[in-house]
Amino acid sequence: MLTEEQEQYLSKIPDDAIASIKPWDPIAANFAKSLIKEIEQNSGLELFWEGSLALGIQGENDIDLIIFSEPMDFDKHLPTLIRTLGKPTYVLTEKILWRITKDGYKIDASLTSKNNPAVKLDILFFTSLKKRPTLLKEYAALKIPGLSAGEYYNLINEFYYQITNIK
């Protein structure tokens with residue numbers, strides 16, 4: 001069962017869009033590690049690196065980062081983050097989002113509270129995959145080159161929902 005937000009996202013994907021699934025790229029992973037180190041050193045903020053690249057499996061090879069800060073402190077941290085990530089793509093009350101390309105790598109980063117319920121679910125999902133190799137294999141098996149983007153995201157979101165609702 002998908003959330004209303006996931007359904008809305010899926011409805012906006014063009015029917016002819018194809019999911020971009022590539023083999024895991026160790027060079028992209030090394031770039032991600034150096035970017036994380038730069039952000040941590042410059043901002044002093046804690047980060048969480050998630051996604052297929054962080055898991056070491058095939059996927060989009062994009063860099064998915066969650067940078068932790070309480071919304072009341074966003075203004076304090078934003079100038080430092082802009083020096084590294086550039087101008088944010090979206091500035092919302094509860095989070096700031098970057099959807100950028102840096103040195104040829106796609107980066108999806110968010111500045112948000114560690115207490116954000118969606119962030120807690122993302123961390124639960126990622127850590128479940130890291131701790132349970134059978135789940136990671138199941139997840140990796142969903143990343144099939146050639147699937148339409150809609151089919152791909154539907155499969156991924158359904159799997160995410162199953163994992164984050166395990167009691």
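Five strands form an open sheet in the order β1-β2-β5-β4-β3, and the pairing is mixed. Strands here are DSSP runs (E) of at least two residues, while helices are runs of H or I with at least four residues, and both are numbered from the N terminus. Two strands count as paired if DSSP finds at least two bridges between them. Strands of a sheet pair through backbone hydrogen bonds, either parallel or antiparallel.

The model is predicted: local features need pLDDT of at least 70, side-chain atom pairs count only at pLDDT 80 or more, and totals for chains, interfaces and linings use all residues. Residues are numbered from 1 along each chain as its sequence is written, and side-chain values use heavy atoms, with hydrogens and water left out.

## The sheet, pair by pair

Which strands sit at the edges? They are β1 (47-50) and β3 (90-91), and each pairs on one side only. The table lists the pairings.

| Pair | Sense | Bridges |
|---|---|---|
| β1 and β2 | antiparallel | four bridges |
| β2 and β5 | parallel | six bridges |
| β4 and β5 | antiparallel | eight bridges |
| β3 and β4 | antiparallel | two bridges |

Single residues show how the strands line up. Glu-50 has Asp-64 in β2 as its bridge partner. Ile-67 is matched with Leu-111 in β5. Lys-102 stands opposite Tyr-105, also a residue of β5. At the β3 edge, Val-91 faces Ile-96 in β4.

## Buried strands

Buried means under 20% relative accessible area, exposed means over 50%, and partly exposed lies in between (1.4 Å probe, protein chains only). In a regular strand the side chains alternate between the two faces of the sheet. In β1, both faces are covered. Leu-47 and Trp-49 are buried on one side, and Phe-48 and Glu-50 are buried on the other.

What about β5, which spans residues 105-112? Seven of its eight residues are buried, so β5 is largely enclosed by the rest of the structure. Ser-110 belongs to this strand. Its relative accessibility is 12%, so Ser-110 counts as buried.

Which residues does Ser-110 touch, leaving aside its neighbours within four places in sequence? The list is Leu-65, Ile-66, Ile-67, Ile-96 and Leu-97. Contact means heavy atoms within 4.5 Å.

## Loops around the sheet

Ser-69 lies in the loop between β2 (63-68) and α4 (74-85). Is Ser-69 buried or exposed? With 7% relative accessibility, Ser-69 counts as buried. Apart from neighbours within four places in sequence, Ser-69 is in contact with Leu-45, Phe-74, His-77, Leu-111, Thr-112 and Ser-113.

Two other loop residues have a positive phi without being glycine. Asn-61 is one, with a phi of about 60°. Its loop runs between α3 (52-55) and β2. Asn-61 is buried, with a relative accessible area of 10%.

Asp-103 is another, with phi near 50°. It lies in the loop between β4 and β5. These strands form a hairpin with two residues between them. Asp-103 is exposed, with a relative accessible area of 60%.

## A helix residue

Tyr-153 sits in helix α7 (residues 149-164). Leaving aside neighbours within four places in sequence, Tyr-153 is in contact with Tyr-9, Leu-10, Ile-13 and Glu-60. Leu-142 is 11 residues away along the chain, and its C-alpha atom is separated from that of Tyr-153 by 9.6 Å.

## The whole protein

The secondary structure comes to seven helices and five strands. Along the sequence, the pattern is α-α-β-α-β-α-β-β-β-α-α-α. The radius of gyration is 16 Å, close to the 15 Å that the globule rule gives for 167 residues, so the protein is as compact as a globular protein of that length. This radius is taken over C-alpha atoms, and the globule rule is 2.2 Å times the number of residues to the power 0.38. Along the principal axes, the C-alpha atoms fill a box of roughly 40 × 35 × 35 Å.

Of the 167 residues, 48% count as buried. Among contacts with a separation of 6 or more, 61% come from residues 24 or more positions apart.
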